[in-house]
Amino acid sequence: MTNWYVITGGPSSGKTTTVNLLKERGYATTIEDARHYIDLQRLGGRTVEEIRARQAEFQRNVLAIEIEQEGRLDPEQIVFLDRAIPDSLAYYRFLHLEPEPALLQALERVNYRKVFVLDLLPMVNDYARTEDAAAQQQIHELITDVYMALPFPVVKVPPLEASARVDYILARL
């Protein structure tokens with residue numbers, strides 16, 4: 001058993017804000033790998049449209065980063081993850097992609113203390129988040145379904161003010 005807590009939910013559910021507030025309170029955290037990958041590709045001269053146009057490649061590369069990132073974590077340290085490997089399965093399902101063998105193998109090894117699924121907030125698009133409200137809802141449902149099928153406790157987090165969400169999560173560790 002690890003001491004890792006997953007912070008997840010559909011696009012625009014406040015995951016990164018929540019994780020950043022946990023970091024400000026002194027907790028170890030991870031970054032969201034999809035946004036990190038997009039940022040790295042943009043630095044290399046690719047546009048978001050070019051990156052997103054090849055969804056299978058995008059998902060495969062994000063998965064590789066997630067696997068590598070979780071592989072570096074200390075299982076005994078309390079860490080809050082901004083998404084985790086199972087999120088990839090939800091996105092593969094959303095995009096109607098066949099899961100990679102690496103994803104299926106990684107899913108057999110994942111181990112989290114608890115999963116916090118943040119309820120959706122109003123959709124806010126930015127350079128990296130391009131989904132509409134219907135896609136936001138569908139992705140959120142797929143993420144919830146994926147985690148509910150895993151053997152880890154899942155806590156649904158209501159749409160509270162950001163610091164109240166953090167308090168809600170910390171009270172349920």
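**Exercise 1. The strand pairings**

Task: In this predicted model, identify which residue in β3 is the bridge partner of Thr29, and then work out how the strands are joined to one another.

Solution. Step one: the bridge partner of Thr29 in β3 is Phe80, and this pairing belongs to a parallel arrangement in which two bridges join strand β2 (residues 28–29) to β3.

Step two: β3 also pairs with β1, again in the parallel sense, over four bridges, and within that pairing Trp4 stands opposite Val79.

Step three: moving on from β1, four bridges join this strand to β4, and the two run parallel, with Val6 standing opposite Val115.

Step four: β4 is in turn joined by four bridges to strand β5 (residues 154–157), which runs parallel to β4; here Val115 stands opposite Val154, while Val117 has Lys156 as its bridge partner.

**Exercise 2. The faces of the strands**

Task: Determine for β3, β4 and β5 which residues lie on each face, and whether those faces are covered or uncovered.

Solution. Step one: from β3, Val79 and Leu81 point one way, Phe80 and Asp82 point the other way, and all of these residues are buried.

Step two: in β4, five of five residues are buried, with Lys114, Phe116 and Leu118 on one side and Val115 and Val117 on the other, so that both faces are covered.

Step three: β5 has Val155 and Val157 on a covered face, whereas Val154 and Lys156 make up an uncovered one.

**Exercise 3. The aromatic rings around Tyr5**

Task: Classify the pairs that Tyr5 forms with Phe80 and with Phe116, and state which parts of the chain each pair connects.

Solution. Step one: a pair of aromatic rings is described by the distance of the centres and the angle of the planes. The structure holds five aromatic pairs, and one of them consists of Tyr5 and Phe80, with 5.4 Å from centre to centre and 25° between the planes. Planes under 30 degrees apart count as stacked, and the pair of Tyr5 and Phe80 is accordingly stacked.

Step two: Tyr5 lies in strand β1 (residues 4–8) and Phe80 in strand β3 (residues 79–82), so this pair ties together parts of the chain that are 75 residues apart in sequence. Both Tyr5 and Phe80 are buried.

Step three: for Tyr5 and Phe116 the ring centres are 6.3 Å apart and the planes stand at 35°, so this pair is tilted. Tyr5 in strand β1 is thereby linked to Phe116 in strand β4 (residues 114–118), 111 residues apart, and Tyr5 and Phe116 are both buried.

Step four: Tyr5, Phe80 and Phe116, together with Tyr27, form one aromatic cluster.

**Exercise 4. The nonpolar cores**

Task: Find which members of the largest nonpolar core touch the most other members, and which elements give two or more residues to this core.

Solution. Step one: the largest nonpolar core has 28 residues, of which Leu81, Ile85, Leu103, Tyr112 and Tyr147 touch the most other members.

Step two: the elements that give two or more residues to this core are β1, β3, α5 (85–94), α6 (101–109), β4 and α7 (133–148).

Step three: a second core, separate from the largest, has eleven residues, including Leu22, Phe80, Val155 and Val166.

Step four: with residues up to four places away in sequence not counted, Tyr147 touches Val6, Thr8, Ala84, Pro86, Asp87, Val115 and Val154.

**Exercise 5. Helix α8**

Task: Establish which residues of α8 are buried, what covers them, and whether Ala162 counts as buried, partly exposed or exposed.

Solution. Step one: in helix α8 (residues 162–170), the residues Arg165, Val166 and Ile169 are buried. These three cover an arc of only 100° around the axis, which puts them on the same side of α8.

Step two: what covers the buried residues of α8 includes β1, α1 (15–24), β3, β4 and β5.

Step three: Ala162 also lies in helix α8, but its relative accessibility is 25%, and Ala162 therefore counts as partly exposed, given that buried means under 20% and exposed over 50%.

Step four: leaving aside neighbours within four places in sequence, Ala162 is in contact with Thr17 and Leu21. By contrast, the C-alpha atoms of Ala162 and Glu76, which are 86 residues apart along the chain, are separated by 27 Å.

Terms used:
Residues numbered from 1 in each chain as written. Predicted model: local features only at pLDDT ≥ 70, side-chain atom pairs only at ≥ 80, totals over all residues. Heavy atoms only, no water. Phe/Tyr/Trp six-rings, centres within 6.5 Å; stacked < 30°, edge-to-face > 60°. Buried < 20%, exposed > 50% of the residue type's maximum accessible area, 1.4 Å probe, protein only. Core = buried A, V, L, I, M, F, W, Y, C linked by side-chain atoms within 4.5 Å. Contact = heavy atoms within 4.5 Å. Pairing = 2+ DSSP bridges. Arc of directions from axis to C-beta.
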